[in-house]
2 protein chains.
Amino acid sequence: MVELNPHPLDTVFHALGDATRRHMLRQLAGGERTVGQLAEPFAISLAAASKHIKVLESAGLIRREVRGRTHLCRLDPGPLASAHEWLNFYERFWANRLDALERLLREEDARKPPAPKGDDQ
Amino acid sequence: MVELNPHPLDTVFHALGDATRRHMLRQLAGGERTVGQLAEPFAISLAAASKHIKVLESAGLIRREVRGRTHLCRLDPGPLASAHEWLNFYERFWANRLDALERLLREEDARKPPAPKGDDQ
DNA sequence: CGTATATTCAACCACATGGTTGAATTAAAT
DNA sequence: ATTTAATTCAACCATGTGGTTGAATATACG
């Protein structure tokens, strides 16, 4: 689709929909990184990494400071907060589910001592 | 990229990266909806809507119950919880920022009545 | 039965995406 | 002034995406 005025969340979620870019964000959670440093863990060309970084940048997820011949990137958490906020709306759904499980377990617990390890996802 | 074994978050975030699909999820937050009902608000063909729904479905975000000739869709919040969880890791960044702002404001407040507008971001 | 309804399927199209390579740009180092 | 290093640019390619249309597939209705 030729989306003239894409919703910010479009670009943010799209940027997050790629493992390479999510990994880069994790790196940036540890502090500033150069393009080369961000590219280093991946078996892709620098040009490809540069494109990923541009995607993150135009989603507003990172800022770039050109410092001499290297580009310093740092995380901008704002859009992540927006995405988190958006998802927050649905919290009641999984919260409900967990509440129900919790209630169930509490009942079980009051009845008989050891409950088997429950797991989901 | 030909991604053989894509990370679940890839498909989830990708599914969320489209306003039409996010809108459909919001509809489903109100309860079960048929394919036709989900498609109705949009100026796209039923086939296109059907594809969107399939994207949501294969991201695990919705379940489908074929009931006669209509397909009933309902929200599955699990993957949303995963995405939320993933974003949660970064919470400290925007939380820190807010904490810092808050601290700053409190200090300013205690010192002199009207503070000049500080801005960042 | 025949017809209307709900949905998918298949083929197609324009454009986006993620990758490549090689050349260009810019700045630091010798 | 040359060379080396960090990064982008441009062109290209294969595949994915979101849309269309028209036919196919079920299922309900009279």
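Biologist: Which phosphate oxygen contact does the backbone of Gly36(B) make, and at what distance?
Modeller: In this predicted model, a backbone N or O atom of Gly36(B) sits 2.7 Å from a phosphate oxygen of DNA strand C.

Biologist: And Lys54(B), what does its side chain do there?
Modeller: An N or O atom in the Lys54(B) side chain is 3.0 Å from a phosphate oxygen of DNA strand C. His71(B) reaches a phosphate oxygen of that strand too, through a polar backbone atom at 3.2 Å.

Biologist: Which elements give two or more residues to the surface near DNA strand C?
Modeller: Chain A gives α4. Chain B gives α3 (35-39), α4 and β3 (70-75). The most comes from α4(B), with five residues.

Biologist: Which residues come nearest to strand C?
Modeller: Out of 25 residues around DNA strand C, the nearest are Lys51(A), His52(A), Gly36(B), Ser50(B) and Arg64(B). Sugar and phosphate make up 70% of the strand C atoms that come within 4 Å of the protein.

Biologist: How does the surface near DNA strand C split by class?
Modeller: Eight nonpolar, nine polar and eight charged residues.

Biologist: Switching strands. Which residues come nearest to DNA strand D?
Modeller: Gly36(A), Ser50(A), Arg64(A), Lys51(B) and His52(B), out of 25 residues around DNA strand D. Here sugar and phosphate account for 73% of the strand D atoms within 4 Å of the protein.

Biologist: What about the bases of strand D? Which side chain puts an N or O atom 2.3 Å from a base oxygen?
Modeller: Lys51(B) does, on a base oxygen of DNA strand D. Arg69(B) also has a polar side-chain atom 3.4 Å from a base oxygen of DNA strand D.

Biologist: Where on strand D does the backbone of His71(A) make its contact?
Modeller: At a phosphate oxygen, which lies 3.1 Å from a polar backbone atom of His71(A).

Biologist: Which elements supply at least two residues each near strand D?
Modeller: From chain A, α3 (35-39), α4 (46-58) and β3 (70-75). From chain B, α4 (46-58). The largest share is five residues, from α4(A). By class, the surface near DNA strand D holds eight nonpolar, nine polar and eight charged residues.

Biologist: OK, the two chains. What turn and shift lay chain B on chain A?
Modeller: A turn of 179 degrees, with a shift of 0.1 Å along the axis. The RMSD is 0.4 Å. That is how a two-fold axis relates copies. The same surface serves both copies, with 91% of the contact residues of chain B recurring in chain A.

Biologist: Now the sheet. What is the strand order in chain A?
Modeller: The order is β1-β3-β2 in an open sheet of three strands, with antiparallel pairing. β1 (33-34) and β2 (62-67) of chain A are at the edges with a single partner strand each, so one side of each has no neighbour in the sheet.

Biologist: What packs on that sheet?
Modeller: Helix α2 (residues 19-29) of chain A, which touches β1, β2 and β3 of chain A. The direction of α2 makes about 90 degrees with that of β3(A).

Biologist: How many bridges join β2(A) and β3(A)?
Modeller: Six, in the antiparallel sense. Glu65(A) stands opposite Leu72(A) in β3(A), and Ile62(A) is opposite Leu75(A) in β3(A).

Biologist: And β1(A) with β3(A), how many bridges?
Modeller: Two, again antiparallel. Arg33(A) has Cys73(A) as its bridge partner in β3(A).

Biologist: Which residue takes a positive phi in the hairpin of β2(A) and β3(A)?
Modeller: Gly68(A), with phi near 65 degrees. That hairpin has two residues between the strands.

Biologist: What does the chain B sheet look like?
Modeller: An open sheet of three strands, ordered β1-β3-β2 with antiparallel pairing. Its edge strands are β1 (33-34) and β2 (62-67) of chain B, each pairing on one side only. β1(B) and β3(B) are antiparallel over two bridges. Arg33(B) has Cys73(B) as its bridge partner in β3(B).

Biologist: Where does α2 of chain B lie?
Modeller: Helix α2 (residues 19-29) lies across β1, β2 and β3 of chain B. The helix runs at about 90 degrees to β3(B).

Technical notes:
Residues numbered from 1 in each chain as written. Chains lettered and ligands numbered in written order. Predicted model: local features only at pLDDT ≥ 70, side-chain atom pairs only at ≥ 80, totals over all residues. Heavy atoms only, no water. Least-squares fit on C-alpha atoms with pLDDT ≥ 70 in both. Contact = heavy atoms within 4.5 Å. Near = heavy atom within 4 Å. Polar contact = N/O pair within 3.5 Å; in protein donor to acceptor, adjacent residues only side chain to side chain. Helix = DSSP H or I, 4+ residues; strand = E, 2+ residues; numbered from the N terminus. Nonpolar A, V, L, I, M, F, W, Y, C, P; charged D, E, K, R; others polar. Pairing = 2+ DSSP bridges. Axes fitted to C-alpha atoms, helices over the stretch in contact; angles between N-to-C directions.
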